[in-house]
Amino acid sequence: MDGRAPRIKNRAPAAIQITAEQLLREAQERQESAFRAPKQRVEDFEELNEYRGRKRKEFEERIRRTRGSIKEWLQYANWEASQNEFARSRSVYERALDVDPRSIQLWLSYTEMELKNRNVQHSRNLFDRAVTLLPRVDQLWYKYVYLEELLQNVAGARQVFERWMKWEPDDKAWQAFIKMEERYGELDRASTIYERWVAVRPEPRVWVKWGKFEEERQRLDKAREVFQTALDFFGDDEEQVEKAQAVFSAFAKMETRLKEFERARVIYKFALARIPRSKSAGLYASYTKFEKQFGTRTTLESTVLGKRRIQYEEEISHDGRNYDVWFDYARLEEGAFRDLRGEGATTDEEETAMGRVREVYERAVAQVPPGGEKRHWRRYIYLWLDYALFEEIETKDFARARQIYQTAISLVPHKIFTFAKLWIMFAKFEIRRLDLPAARKIMGTAIGMCPKEKLFKGYIELETDLREFDRVRKLYEKYLEFDPANSSAWIRYAEIESQLEDFARTRAIFELGISQSPLSMPELLWKAYVDFEIEEGERETARSLYERLISLSGHVKVWISYALFEAEPIALPRAMREDDEEDEDVEQKMVPGDPDRARQVFDRAYKEMKSKGLKDERVALLEVWKTFEETHGTADDVAKVQGMMPIVSKKRHVDQETGQMVEDWELVFADDERENNPTSFKFLQMAHAWKTNQNKGGNDAKPISFAPASSAPNRKDDDATSDMASSDGEH
């Protein structure tokens, strides 16, 4: 055999089939049984002695080979004990103890052997020897105490505990001693043990256990004495008081259970006054819960305030320039101050709350942003504003508020950036104090030091409210000298003059404004000028403005606005109006528009766009023109405009960059095509008419596809015979 599997010639199924269950059962039946040592039967003492001698010889041989193996010694000793040879078993244990006297397993096995065989005195002697040799092994002490208590020898168990306590064991040992005294009703002894315990280990949890023990045995004076002794022990040092939080909490909870709520409140406040806010979160939580259950509305709010103060202080300690936290903190203190004042608090309490608010603001504004970037100052400057408003509104300390504004202004680097809101609020503060010259001086200083659009707007608004229009004019002049390209400034200046009915100055301002060469958003200024003339009923002046604007820009929106203006009615000129018409309640007489002039403007605009080759603008113009004719014209006028609508044509060309054939949609206007390709335009017109007839007849066949330019062209047209589609405007 070369190790290969035999070749199977007959692969047909066997005549007798067997199951997997049969295979498993046969495998189990054919297994050989494990070797078992023969049982020996001892018939007489001679055989017994021979057996014992042989076993002892084996054990001695094994011990001689592995003298340090406690397992061999234990097997030897337990075998001797099983033969009731206790003297020999003790001898083996003693020999083993000579080898390793600190083996806990050996001592436990030795004592267990004696106890099993009811040799109590021997067990006591062994435990005594064991705890003398190994006093730090708690297991030996526990078993020793358990043995004495099991034998009802309470005095002996107490004596064992006393010996154990001299070694100052851990808390579980002291607790076991106390539990034993409680089981036998010796509560005074248990109290004495507690006293010894705290003398050995003066930790807060031990004091708390002692206090609860005295409370449970209804010795309330003793419990209070325990807690007071604990507090005296820890003293008033901040670190020690922080360590004794558990004692304060337990003391207060005990007084709460005894319905002594004022005592409990005093304890909580005493502790919280001496522990840093950042380290007393747990105690504050207990105090908050206490006030929610047993306190008044005032005390509860005070507790919640204290808890939130701790939270804010923690956040500020991590990031002193987190101005959002400072805002919340200041609002918290301001709310507390208002509540105290609303409840009729004493003057001292109000002063204390006011000082707390000022302290928070002073700490907040001391966190000056780093660097010279304005974005870092945006939130910070509002702290100064809120501080000044608090002093002005809440405390009525106007001198202090003025000083705050001045300090804030001196702090901002105005040569780099400034804050218009700060200057304006300072000026409005002086106006509220009826010191108008000071307010004007502030705004003048601001504009002279750091001119800014918001400053001009604020100062102008201030003088407008005071109806000082001569000053408003001077300010607008300064404003426009500073920024002559500002269209909105020109418009507002003209509106002021219009409201004052000085229309000559209004037109002069508009003319001066539109004559500025660099002008931001000039279309707004032109529109305001045109709207002013329309409102005044000066159609000819407005028409001349449109003509001037068209000559400057020629934008399609200007043409459209011009055409619609010609068709719309406007009010009578101001010189022709009666006095009653100036009243808003009386309907004004209107001058009707001229649709023919509007059509002329549309036609001019179309030709202008056509000459410039602006196809998209022509489509937009035709759309508005068509809507206009639908409102003001006849069916022939609408058909005329509709006939001017472009046709969308699909063109194929080779892209120069990719070299691939691409399709583009192009607008084909009827008049352009008529002038350039009259023959092809005639064919296209006939195809368009045929398509229209086909659609009216309901025929679904589409040899040529047309789409109006106002709707999106069908880009998935499968018709290969035509590249063109009719259009109605959109592209």
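1. Helix α14 contains E255. The model is predicted, and that applies to every point below. Is E255 buried or exposed? Its relative accessible area is 0%, and buried means under 20%, so E255 counts as buried. Leaving aside residues up to four places away in sequence, E255 touches R224, E260, R263, A264 and I267.

2. Helix α14 (245-257) also appears in the surroundings of helix α11: it is among the elements that cover the buried residues of α11. The others named there include α9 (171-183), α10 (187-200), α12 (220-234) and α13 (238-243). Which residues of α11 are buried? They are P204, V206, W207, V208, W210, G211, F213, E214 and E215. The list includes two glutamates, E214 and E215, and E255 in α14 is a buried glutamate as well.

3. The geometry of α11 can be checked by its length. Helix α11 runs over residues 204-216 and has 13 residues. From its first C-alpha to its last it reaches 18 Å, close to the 18 Å expected at 1.5 Å a residue. Just after α11, Q218 takes a positive phi of about 65°.

4. Next, the nonpolar cores. The largest has 107 residues. Those with the most contacts inside this core are W326, L383, Y405, L422, L455, L622 and W625. Which helix gives this core its largest share? Helix α18 (residues 323-342) does, with nine residues.

5. L622 is one of the residues with the most contacts inside the largest core. Not counting residues up to four places away in sequence, L622 touches Y606, V641, M644, M645, P646 and F669. Apart from the largest core lies another core, of 74 residues. Among the residues of this other core are Y110, L140, L283 and Y287.

6. The second largest pocket has a volume of about 510 Å³. It is lined by 22 residues, and the closest to its centre are E523, W526, K527, L549 and V558.

7. Where does the lining of the second largest pocket come from? Helices α28 (522-535), α29 (539-552) and α30 (556-567) each supply at least two residues. Helix α28 gives the most, with seven residues. By class, the lining has 13 nonpolar, four polar and five charged residues. Both kinds of side chain, nonpolar and charged, are found close to the centre: W526, L549 and V558 count as nonpolar, and E523 and K527 as charged.

Notes
Residues are numbered from 1 along each chain as its sequence is written. This is a predicted model: local features need pLDDT of at least 70, side-chain atom pairs count only at pLDDT 80 or more; totals for chains, interfaces and linings use all residues. Side-chain values use heavy atoms; hydrogens and water are left out. A nonpolar core is a set of buried Ala, Val, Leu, Ile, Met, Phe, Trp, Tyr and Cys residues joined through side-chain atoms within 4.5 Å. Buried means under 20% relative accessible area, exposed over 50%, partly exposed in between (1.4 Å probe, protein chains only). Helices (H or I, at least four residues) and strands (E, at least two) are DSSP runs, numbered from the N terminus. Contact means heavy atoms within 4.5 Å. The expected span of a helix is 1.5 Å times one less than its number of residues. On a 1 Å grid over the protein atoms alone, a cavity is a set of points where a 1.4 Å probe fits but cannot get out, and a pocket is an open set with protein on both sides within 12 Å along at least five of seven lines; lining residues have an atom within 4 Å of a point. Grid points are joined across faces, edges and corners, and a volume is the space filled by probe spheres set on the points.
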